Amino acid sequence: MTGYYLIIGVSMLVSWLVSSRLKSKFAYYSQVHLRNGLSGKEIAEKMLHDNGINDVKVISVPGQLTDHYNPAEKTVNLSEGVYMQRNAAAAAVAAHECGHAVQHAVGYSMLKLRSKLVPIVNISSNLMQFVLIGGIFLMTATQTIDNPRGNTTVLAIGVAMFAVTTLFAFVTLPVEYDASNRAMKWLKSTGTVTAEEYVGVKDSLTWAARTYVVAALGSLAQLLYWASMLMGRRD
């Protein structure tokens, strides 16, 4: 299991570095106040209106970086640091979450696929660690001279469950990048932000997207490790 712990350690370190950088970027661009004086809430409502979306509400939720779009409730949920703030960071987040609402409205295919995977991912993420560990023990306990690999059925199920979560992580990438592109395009084309403010918006969303890239690559690395165990590797 040494290799697995190494993968986990490296993934956590890179994730921490990127997350820390993201937080510092948001803190910096939170000081870049918008000349138009619009709050995150007002920017979100304007973007929704400009895209002909009238059945989505913009609401405030507690926490930091807790912003998200809820397709079931049709709400753009903005954190306290975004909802009423009037800066480049707030504009970036508000527009990005509205980008997801636009995806939902136009039937963006990758968002549809991601939504279909959610129930399966919820089950897999809750059970796969137990299944994987159980699979390793069963495989080891059933090894014989005639069958040196042992019974790998349970481990194979665990690997398949992990593969689903990895697929979800990679499907999330185009969804997030597309939402950011929609946000930046709208902010720029409508003149909602100035050229200087747009630099902050783009930089903020770029670092936010990198957190998803790190998560996807970390998941892939772990999947390859478990797959190698399934194929006969022991360390």
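User: How many helices and strands does the chain have?

Analyst: This is a predicted model. Read along the sequence, its chain follows the pattern α-α-β-β-β-α-α-α-α-α. The chain has 7 helices and 3 strands.

User: What dimensions does the C-alpha trace of the chain span along its principal axes?

Analyst: The chain has 235 residues, of which 44% count as buried. Along the principal axes, its C-alpha trace spans about 75 × 35 × 30 Å.

User: In what order do the strands form the sheet?

Analyst: Strand 1 (residues 57-61) and strand 3 run parallel and are joined by 5 bridges. Strand 2 and strand 3 run antiparallel, with 3 bridges joining them. The pairing is therefore mixed, given that two strands pair if at least two bridges are found between them, and the sheet is open. The order of its 3 strands is 1-3-2.

User: Which are the edge strands of this sheet?

Analyst: The order of the strands in the open sheet is 1-3-2. An edge strand here pairs on one side only, and this holds for two of them: strand 1 and strand 2.

User: By how many degrees are neighbouring strands of this sheet turned against each other on average?

Analyst: The sheet in question is the open one with the order 1-3-2. With direction ignored, its neighbouring strands are turned against each other by an average of 30°.

User: Which residue in strand 3 is the bridge partner of V58?

Analyst: Strand 3 has bridges to both of the other strands: 5 bridges join strand 1 to strand 3, and 3 bridges join strand 2 to strand 3. On the strand 2 side, H68 stands opposite N77. For V58, the bridge partner in strand 3 is V76.

User: How many of the residues of strand 3 are buried?

Analyst: Strand 3 covers residues 75-79 and is mostly covered. T75, N77 and S79 point one way from the strand, while V76 and L78 point the other way, and all are buried. The count of buried residues in strand 3 is 5 of 5.

User: Which residue in the hairpin of strand 2 and strand 3 takes a positive phi?

Analyst: The hairpin has 4 residues between its strands. A positive phi near 55° occurs there, in a residue other than glycine. That residue is found in the loop between strand 2 and strand 3, and it is K74.

User: Why does K74 count as partly exposed?

Analyst: Buried means under 20% relative accessible area and exposed means over 50%, with partly exposed in between. K74 therefore counts as partly exposed, because its relative accessibility is 31%.

User: Where does L65 lie?

Analyst: L65 is a residue other than glycine with a positive phi, near 55°. It counts as partly exposed because its relative accessibility is 40%. L65 lies in the loop between strand 1 and strand 2.

User: Which residues are the closest to the centre of the largest pocket?

Analyst: The largest pocket has a volume of about 520 Å³. It is lined by 24 residues. The closest to its centre are D67, H96, E97, E176 and Y212.

User: Which element gives the most to the lining of the largest pocket?

Analyst: By class, this lining has 14 nonpolar, 6 polar and 4 charged residues. The most, 5 residues, is given by helix 7.

User: What volume does the second largest pocket have?

Analyst: The lining of the second largest pocket has 10 nonpolar, 8 polar and 1 charged residues by class. The volume of the second largest pocket is about 370 Å³.

User: Which element provides the largest share of the lining of the second largest pocket?

Analyst: The second largest pocket has a volume of about 370 Å³. Of the 19 residues lining it, A169, V214, A215, A216 and S219 are the closest to its centre. The elements that give two or more residues to this lining are helix 1, helix 5, helix 6 and helix 7. The largest share, 8 residues, comes from helix 7.

User: How far does helix 7 reach from its first C-alpha to its last?

Analyst: Helix 7 has 36 residues, and the span expected at 1.5 Å a residue is 52 Å. Just after this helix, G232 takes a positive phi of about 125°. The reach of helix 7 is close to the expected value, at 53 Å.

How values were computed
Residues are numbered from 1 along each chain as its sequence is written. This is a predicted model: local features need pLDDT of at least 70, side-chain atom pairs count only at pLDDT 80 or more; totals for chains, interfaces and linings use all residues. Side-chain values use heavy atoms; hydrogens and water are left out. On a 1 Å grid over the protein atoms alone, a cavity is a set of points where a 1.4 Å probe fits but cannot get out, and a pocket is an open set with protein on both sides within 12 Å along at least five of seven lines; lining residues have an atom within 4 Å of a point. Grid points are joined across faces, edges and corners, and a volume is the space filled by probe spheres set on the points. Ala, Val, Leu, Ile, Met, Phe, Trp, Tyr, Cys and Pro count as nonpolar, Asp, Glu, Lys and Arg as charged, and the others, Gly among them, as polar. The expected span of a helix is 1.5 Å times one less than its number of residues. Buried means under 20% relative accessible area, exposed over 50%, partly exposed in between (1.4 Å probe, protein chains only). Axes are lines fitted to C-alpha atoms, for helices over the stretch in contact, and angles run from 0 to 180 degrees between N-to-C directions.
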